[in-house]
Amino acid sequence: MFWFMMVVLGVANAEPERIPETANLTIVGQAAPLFSLPTLDGGQYALKDALGKPIVLAFWASWCGPCRAELPALSDMAAKRDDITVLTINVDKEKSKARKFLSGIRMDLPVLLDSDARLMGQLGVWTMPTSFVVDANGTLKFTKVGYSREKGLVEIEAALAEVLR
């Protein structure tokens, strides 16, 4: 139990520059799980409803500092494009934490809730933020761990351009 907690605490406090660039690469090329998750506004969202165009899945948490910059950037990107869908997935156990976090940023994207971390586990997400690009057919094409203001969404945009070719 001690070692398990050390790993969990170490991951939760991971510094972006120490996150391996190869994280989650083993799932690239596989089908994305066809999940259905509750939304922060009380609805339900199924991935199959978004298939037909590329999808960005962005995992975040209220305790994630870089998420405070990434989510508005994703919202801006989505507002300029009608050829993609951007879904944000909050992993906090309590909705109130997500609501409080969102009250302090500017974002206009759907918020799905993975409070039991089931989808997070299926995709091998172990730190925040983590984003995926899924093609129109539901295949995972790209994964990105971390966010920096310097790089912004350049890598996600490049992956989307590749998927849209």
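Student: In what order do the 5 strands of the open sheet stand?

Tutor: This is a predicted model, and in it 5 strands come together as an open sheet whose pairing is mixed. Strands of a sheet pair through backbone hydrogen bonds, either parallel or antiparallel. Read across the sheet, the order is β5-β4-β3-β6-β7.

Student: Which strands stand at the edges of this sheet?

Tutor: A strand at an edge has a single partner strand, so one of its sides is left without a neighbour in the sheet. Neighbouring strands here are turned against each other by 25° on average, direction ignored. The strands at the edges are β5 (111–113) and β7 (140–145).

Student: In which sense do strands β3 and β6 pair, parallel or antiparallel?

Tutor: Strand β3 covers residues 55–60 and strand β6 covers residues 130–134, and 5 bridges link the two. Within this pair, L57 has F132 of β6 standing opposite. The sense in which β3 and β6 pair is antiparallel.

Student: Which helix lies across β3, β6 and β7?

Tutor: Two helices can be considered here. Helix α2 (residues 67–79) lies across β3, β4 (85–90) and β6, and runs at about 160° to β3. The other helix covers residues 154–163 and runs at about 175° to β7; the helix that lies across β3, β6 and β7 is therefore α5.

Student: Which element gives the most residues to the largest nonpolar core?

Tutor: In soluble globular proteins, nonpolar side chains tend to be buried together. The largest nonpolar core here holds 50 residues, and L57, F59, L74, M77, L123 and M128 touch the most other members. Two or more residues come from each of several elements, among them β3, β4, α3 (95–103) and α5, but the one that gives the most, with 7 residues, is α2.

Student: Which residues of the protein does L57 touch, beyond those up to four places away in sequence?

Tutor: L57 is one of the residues that touch the most other members of the core, and F132 stands opposite L57 in β6. Leaving out residues up to four places away in sequence, L57 touches F35, L47, L87, I89, L123, T130, S131, F132 and V134.

Student: Is S131 buried or exposed?

Tutor: S131 lies in strand β6, and the residues that S131 touches include L57, A58, F142 and I156. The side chain of S131 is also joined to that of E70 by a polar contact of 3.2 Å. A residue counts as buried under 20% relative accessible area, and because the value for S131 is 1%, S131 is buried.

Student: What is the relative accessible area of K95?

Tutor: K95 is found in helix α3 and touches L40 and L113, not counting residues up to four places away in sequence. K95 and S115 are 20 residues apart in sequence, and their C-alpha atoms are 8.3 Å apart in space. K95 is partly exposed, with a relative accessible area of 44%.

Student: What percentage of the residues of the protein count as buried?

Tutor: The secondary structure comes to 5 helices and 7 strands, and from the N terminus on the elements run α-β-β-β-α-β-α-β-α-β-β-α. The accessible surface comes to about 9,000 Å², of which 55% belongs to carbon and sulfur atoms. Of the 165 residues of the protein, the share that count as buried is 47%.

Terms used. Residues numbered from 1 in each chain as written. Predicted model: local features only at pLDDT ≥ 70, side-chain atom pairs only at ≥ 80, totals over all residues. Heavy atoms only, no water. Pairing = 2+ DSSP bridges. Helix = DSSP H or I, 4+ residues; strand = E, 2+ residues; numbered from the N terminus. Axes fitted to C-alpha atoms, helices over the stretch in contact; angles between N-to-C directions. Contact = heavy atoms within 4.5 Å. Core = buried A, V, L, I, M, F, W, Y, C linked by side-chain atoms within 4.5 Å. Buried < 20%, exposed > 50% of the residue type's maximum accessible area, 1.4 Å probe, protein only. Areas by Shrake-Rupley, 256 points an atom, 1.4 Å probe, with all protein chains shown as cover. Polar contact = N/O pair within 3.5 Å; in protein donor to acceptor, adjacent residues only side chain to side chain.
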